[in-house]
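Welcome, and please have the sequence and the 3D view at hand. This report takes a friendly walk through a few local features.

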Amino acid sequence: MNLLINLLGLALIVGIVWWFWLSKRAAPAAVAPAASVIMVKDGVYEPERIQVPAHEETTLHFLREDPSPCAEYVVFADLDVSAQLAVGEETEVKLPAMEAGEYPFACQMQMYRGTLVVA
């Protein structure tokens, strides 16, 4: 019986690690424009891919519905930009002008993940 419980626990741990850090979620075909609001809820940013123009400063709008501490910050590590997101309030995140490319963003625990597409 102990062996079965240990195997179930190990399977659960492997499943959690795969879901949050190893799974490659399929990129949606459509890319949302920067003017839309990015919802923060249920473990994902919606939309998770946002397109902005290259060489222009950009303001993104985040609306956090998830009260968990994981969703408290959004971090653009490549741009050295982060912001604290208040629950139930829209938060503006100003980004500098960027070169074309893809810039990942995430919560501080890397569970919420998204991509900023600069074109």
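What follows covers cysteines, a surface patch and some backbone details.

This is a predicted model, in which local features need pLDDT of at least 70, side-chain atom pairs count only at pLDDT 80 or more, and totals for chains, interfaces and linings use all residues. Residues are numbered from 1 along each chain as its sequence is written, and side-chain values use heavy atoms, with hydrogens and water left out.

**Cysteines**

Let us begin with the sulfurs. A search of the whole structure turns up zero disulfides, a disulfide being a pair of cysteine sulfur atoms within 2.5 Å. Cys-70 is in no disulfide, and its nearest cysteine sulfur belongs to Cys-107, 3.1 Å away. Cys-107 likewise takes part in no disulfide, with the sulfur of Cys-70 as its nearest cysteine sulfur. How accessible is Cys-107? Cys-107 is buried, at a relative accessible area of 0%, and Cys-70 is buried as well, at 9%. Here buried means under 20% relative accessible area, exposed over 50%, and partly exposed in between (1.4 Å probe, protein chains only).

**A nonpolar patch**

Now to the surface. Leu-12, Ile-13, Ile-16, Val-17, Trp-18, Trp-19, Trp-21 and Leu-22 make up a nonpolar patch there, with about 830 Å² of accessible area together. Such areas come from the Shrake-Rupley method with a 1.4 Å probe, and for residues only the protein chains shown count as cover. Patches consist of residues with over 30% relative accessible area and no salt bridge; like charges are joined within 9 Å, and nonpolar side chains (Val, Leu, Ile, Met, Phe, Trp, Tyr) within 5 Å. A salt bridge is a side-chain nitrogen of Lys or Arg within 4 Å of a carboxyl oxygen of Asp or Glu. One member of the patch, Trp-18, sits in helix α1 (residues 2–22) and is partly exposed, with a relative accessible area of 47%.

**Backbone details**

Most residues other than glycine have a negative phi, and most peptide bonds are trans. Which peptide bond is cis here? The bond from Glu-46 to Pro-47 is, with omega near 0 degrees, and Pro-47 lies in the loop between β3 (44–46) and β4 (49–52). Helices (H or I, at least four residues) and strands (E, at least two) are DSSP runs, numbered from the N terminus.

Two aspartates with positive phi are set out below.

| Residue | Phi | Loop | Relative accessible area |
|---|---|---|---|
| Asp-42 | near 55 degrees | between β2 (37–41) and β3 | 70%, exposed |
| Asp-80 | about 60 degrees | between β6 (73–76) and β7 (81–84) | 72%, exposed |
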